[in-house]
Amino acid sequence: MSGATTGAAAVAPVAASATVSHRSSSIASDRPQISQNLGSAWVTGHGQASLWRRMSSSATIGCANVSQRLLARPVPSAYILTRKASSSASENPFKNILTDLPSSDGGSYGKYYSLPALNDPRVDRLPYSIRILLESALRNCDNFQVLPADVEKILDWEKTAPQQVEIPFKPARVLLQDFTGVPAVVDLAAMRDAMKSLGGDPNAINPQVPVDLVIDHSVQVDVAGSANAVEQNMQFEFDRNSERFAFLKWGAKAFQNMRVVPPGSGIVHQVNLEYLARVVFSHKGLLYPDSLVGTDSHTTMIDGLGVAGWGVGGIEAEATMLGQPMSMVLPEVVGFKLTGKLQPGVTATDLVLTCTAMLRQHGVVGKFVEFHGDGMRHLALADRATIANMAPEYGATMGFFPVDDATLAYLKTSGRDESTVKMVEAYLRANKMFVDYNEVKMVEASLRANKMFVDYNE
């Protein structure tokens with residue numbers, strides 16, 4: 001793998017991680033289910049779900065009217081840029097690498113922008129995290145927002161990354177939590193009000209990429225030690241935040257491409273891992289890697305699932321919602337090699353804190369960290385997500401774990417259907433974004449047998 005190797009740590013599944021994984025597998029049956037439809041989000045069951053459903057339509061409409069009266073303001077410049085982009089963009093110059101992905105039943109999963117079809121040897125030398133940036137640039141290249149020169153910068157990563165060059169990146173989706181998400185929905189409502197004042201169709205104002213808003217930051221404990229404590233605390237939460245919740249429910253119904261996950265469904269990062277993450281998008285016949293920006297610094301937890309994501313400010317999130325590319329420095333990538341297994345009595349927490357200390361000492365601010373090595377075969381996804389979640393603590397933009405068999409197993413455990421998991425694996429293997437550690441061992445064995453392998457530990 002390209003990039004410096006920070007060091008080695010011993011890894012293996014432990015009882016604690018097995019417990020967490022088991023808890024994840026039981027959530028699908030124990031907790032209300034979140035719809036995967038992009039138009040809205042709702043849950044089935046009782047308790048907080050019923051409270052969310054019972055919020056009256058009159059309150060919702062009233063909240064929407066209040067928001068439109070109070071929030072009239074100039075149309076944000078990002079919308080104007082979107083209008084210009086739509087009229088200035090041209091045909092994708094890389095359309096010739098669009099490739100069909102056949103399914104196991106003889107049909108087709110869809111088309112995708114094929115990295116192997118570039119026939120460029122530099123692709124094989126790119127870290128997996130950089131390949132996600134490359135695919136995004138190829139897919140979104142329009143000679144306006146994303147240029148062929150940007151694609152070349154990413155392809156030539158080994159030379160350009162040390163030069164701190166800038167590239168545009170268009171994440172596949174945006175993740176909001178309720179405190180930072182409310183202003184974004186407010187701005188969309190204000191834009192609709194402005195559109196109406198200008199004589200246009202307010203319904204034309206919608207997020208240009210899928211947006212998920214998870215309500216999880218308003219819970220406090222008023223009642224404890226009783227059988228119905230959860231229900232009472234949820235009732236207090238709805239009473240205190242009724243106007244805000246009504247506004248968000250209106251937003252879920254009013255805007256296309258937006259889902260609102262109701263209160264009581266879980267912490268935003270947990271919901272993102274278990275429900276919202278696609279790993280691979282399939283949209284209108286086009287396949288591409290899942291990626292996101294979120295308005296919470298610990299959005300990086302999703303990197304443990306092989307989904308590239310990190311936290312940004314509200315303005316950057318709104319610009320992404322409106323279809324604008326993020327301008328970012330092409331990052332250097334620090335490789336972190338994991339070998340061996342955890343010894344008995346050593347917990348996943350010990351591993352996470354050890355990794356964090358090593359990375360802080362090495363210095364990874366503003367960089368991607370990519371984990372690899374034979375130890376990955378023994379590292380549960382729950383532990384990977386915990387290490388990835390600590391990226392803000394060790395200073396990296398993200399701590400990335402490429403998709404492998406453990407990722408696929410987690411997708412099945414968390415309730416993704418078999419056909420989706422097969423599509424994810426087929427796409428990532430075809431586009432050189434899947435790590436098969438069995439193949440890695442075979443390659444190493446062959447190189448050693450032919451005396452073509454250098455082991456600096458020997």
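For this tour, Ala, Val, Leu, Ile, Met, Phe, Trp, Tyr, Cys and Pro count as nonpolar, Asp, Glu, Lys and Arg as charged, and the others, Gly among them, as polar. Keep in mind as you click along that this is a predicted model.

**Stop 1: the largest cavity**

Select Tyr128, Ile132, Val279, Pro289, Asp290, Gly306, Phe400, Pro402, Val403, Leu428 and Met433, which line the largest cavity. By class, that lining has nine nonpolar residues, one polar and one charged. Going by the definition above, Gly306 is in the lining and Gly counts as polar; Asp290 is in the lining too, and Asp counts as charged. The cavity has a volume of about 80 Å³. In the model as a whole, three cavities reach 30 Å³ or more.

**Stop 2: the mixed sheet**

Now switch to the cartoon view and select E4, E5, E11 and E10. These four strands form an open sheet in the order E4-E5-E11-E10, with mixed pairing. Which strands stand at the edges? They are E4 (98-102) and E10 (280-283); each has a single partner strand, so one side of each is left without a neighbour in the sheet. Ignoring direction, neighbouring strands here are turned by 35° against each other on average.

Zoom in on the middle of the sheet next. E5 (residues 108-113) and E11 (residues 286-289) pair in the parallel sense over two bridges. Pick Lys111 and you will find Leu286 as its bridge partner in E11; for Tyr112, the partner in E11 is Leu287.

On to E10 and E11, which pair in the antiparallel sense over four bridges. Val280 has Pro289 as its bridge partner in E11, and Pro289 is also one of the residues lining the largest cavity. The two strands form a hairpin with two residues between them. Click on Lys284 in the turn, where phi is positive at about 55°.

**Stop 3: two helices on this sheet**

Add helix H5 (residues 128-140), which packs on the sheet and touches E5 and E11. The direction of H5 makes about 145° with that of E11. Then show helix H17 (residues 418-430): H17 lies across E4, E5, E10 and E11, and runs at about 35° to E5.

**Stop 4: the parallel sheet**

Hide the mixed sheet and select E9, E8, E7, E12 and E13. This is an open sheet of five strands in the order E9-E8-E7-E12-E13, and the pairing is parallel. E9 (258-261) and E13 (308-311) are the edge strands, each pairing on one side only. Neighbouring strands of this sheet are turned by 20° against each other on average, again with direction ignored. For a close-up, take E7 (residues 173-177) and E12 (residues 291-294), a parallel pair held over three bridges. Within this pair, Leu175 has Gly294 as its bridge partner in E12.

**Stop 5: a covered helix**

Select helix H11 (residues 268-276). How many of the residues of H11 are buried? Nine of its nine residues are, and the helix is mostly covered. The buried set includes residues such as His269, Gln270, Asn272 and Glu274 along with Val268, Leu273 and Tyr275.

**Stop 6: Glu318**

Finish at Glu318, in helix H12 (residues 314-321). Is Glu318 buried or exposed? Its relative accessibility is 18%, and buried means under 20%, so Glu318 counts as buried. To see what surrounds this residue, select Pro183, Ala184 and Asp187: Glu318 touches these three, leaving aside residues up to four places away in sequence.

How values were computed
Residues are numbered from 1 along each chain as its sequence is written. This is a predicted model: local features need pLDDT of at least 70, side-chain atom pairs count only at pLDDT 80 or more; totals for chains, interfaces and linings use all residues. Side-chain values use heavy atoms; hydrogens and water are left out. Buried means under 20% relative accessible area, exposed over 50%, partly exposed in between (1.4 Å probe, protein chains only). Contact means heavy atoms within 4.5 Å. Two strands pair if DSSP finds at least two bridges between them. Axes are lines fitted to C-alpha atoms, for helices over the stretch in contact, and angles run from 0 to 180 degrees between N-to-C directions. On a 1 Å grid over the protein atoms alone, a cavity is a set of points where a 1.4 Å probe fits but cannot get out, and a pocket is an open set with protein on both sides within 12 Å along at least five of seven lines; lining residues have an atom within 4 Å of a point. Grid points are joined across faces, edges and corners, and a volume is the space filled by probe spheres set on the points.
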